[in-house]
Amino acid sequence: MATIGQSVDLTFSADALVRARQRAALLPDLLVEAKRVVTTVIAGWHGRRRRGVGENFWQFRPFVDGGEVARIDWRRSARDDNVYLRDQEWEAAQTVWIWADPSPSMLYKSELATVSKDSRAIVLVLALADLLSRSGERIGYPGVLDPISARNAAERIATALVPTRPAGFPPDDRMKRFSEVVLVSDFLDPIEDIVGRIDRIARRGIRGHLIAVADPAEETFPYAGRTEFRDPETGAKLTAGRAEGLRAEYLQLFEARRVYLGEHCRRLGWSFVAHRTDRLASEALVGVHGRLSGIPQSAARQFGGASARPASGKGQTS
């Protein structure tokens, strides 16, 4: 049987290009990549700036009926025939929790991708931590690091993840109302379990954002002939004599699964971004950062945000 993909071994490698090395050894490289992704994204992007209570000037905007007359800037208005309001920048720090799924299914990497799902998830959360910390937000990682407001938040999270990375879905006991959480995972657990977990968080008044990471082989199902699928969570195996015969039904089922999860997020007021590991990490980063900033997902796509595409199951082949 031809090999399409495999699980990444948790073993150290001196080759910096081998992204399947042990997580503890990987984190410094991932942090460097996260910084590179942020540098790419931040050019031409205005972060989470918004108008509100603060001391710093943000922008002038045209006065409309019902506007706050006290904030009219008469000096600016005198330059032409329009009346302008002077907006200050909102300065209240927001608490954002970030989490990357550490489950075994995230270690999958096919020959169609250069990185594992786990590697991409860590890059995304570290890049998001770096980007949000530049805006003065408080960043935390459930079960690892309480929220902090620091420019080196990404470095501190990376350091905290080296000795420990709690298994399972993130604990929500420290998450407070009005905070936000970004969950990066393949979301391939039973759909009722996923929905139950995010509903529990939503009931606490927390706004969430999901980044569903998939390997390209999981989305396209390129398997043919005799293929053995193995569940990395349980070790269970399934052998298909003609794998190509499963493709149509597989794609239909998992497209429906992703659409269902995306629609459920929409009903909760959450956002949902799908991302493939053969795409640029900056695409997913811009998509979720736009949603954190209150920008509609359709508008965020203009900056490179990903759309919700069908995902796939935990099957792996050898």
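Which handedness, left or right, does the crossing of α3 and α8 have? It is right-handed: that is how α3 passes α8. Keep in mind while looking around that this is a predicted model.

**The α3/α8 pair**

Let's stay with these two helices for a bit. α3 covers residues 117-134, α8 covers residues 281-292, and they pack with their axes 10 Å apart. The angle between them is about 45°, which falls neither under 35 degrees nor in the 65 to 115 range, and the pair is therefore oblique.

Who meets whom? Here are the residues on each side of the contact.

| Helix | Residues in the contact |
|---|---|
| α3 | Arg120, Val123, Leu124, Ala127, Leu128, Leu131, Leu132 |
| α8 | Ala281, Ala284, Leu285, Val288, His289, Leu292 |

Sorted by class, this contact has eleven nonpolar residues, plus one polar and one charged. Arg120 on α3 is the charged one, and His289 on α8 is the polar one.

**The cores**

Now for the inside of the protein. In soluble globular proteins, nonpolar side chains tend to be buried together. Here, the largest nonpolar core has 52 residues. Ile98, Ile157, Val182, Leu183 and Leu210 have the most contacts inside this core. Helix α3 turns up again at this point, giving the core eleven residues, the largest share.

Leu183 is a good one to click on. Leaving out residues up to four places away in sequence, Leu183 touches Trp99, Phe169, Pro170, Ile198, His209, Leu210, Ile211 and Trp270. One of those neighbours, Leu210, is also on the list of residues with the most contacts inside the core.

There is also a second, separate core of nine residues, with Tyr108, Tyr223, Ala240 and Phe254 among them.

**A look at Thr239**

Ala240 belongs to that second core, so to speak of its sequence neighbour: Thr239 sits in strand β11, which spans residues 237-240. Is Thr239 buried, exposed or partly exposed? Its relative accessibility is 39%, so Thr239 counts as partly exposed. Setting aside residues up to four places away in sequence, Thr239 touches Arg226, Thr227 and Glu228. Glu228 is eleven residues from Thr239 along the chain, yet their C-alpha atoms are separated by 4.3 Å.

**The whole chain**

Zooming out, the protein has nine helices and twelve strands. Of its 318 residues, 50% are buried. Among contacts with a separation of 6 or more, 73% join residues 24 or more positions apart.

Key:
Residues numbered from 1 in each chain as written. Predicted model: local features only at pLDDT ≥ 70, side-chain atom pairs only at ≥ 80, totals over all residues. Heavy atoms only, no water. Axes fitted to C-alpha atoms, helices over the stretch in contact; angles between N-to-C directions. Helix = DSSP H or I, 4+ residues; strand = E, 2+ residues; numbered from the N terminus. Parallel < 35°, antiparallel > 145°, perpendicular 65-115°, else oblique. Left-handed = near helix turned anticlockwise from the far one by under 90°. Contact = heavy atoms within 4.5 Å. Core = buried A, V, L, I, M, F, W, Y, C linked by side-chain atoms within 4.5 Å. Buried < 20%, exposed > 50% of the residue type's maximum accessible area, 1.4 Å probe, protein only.
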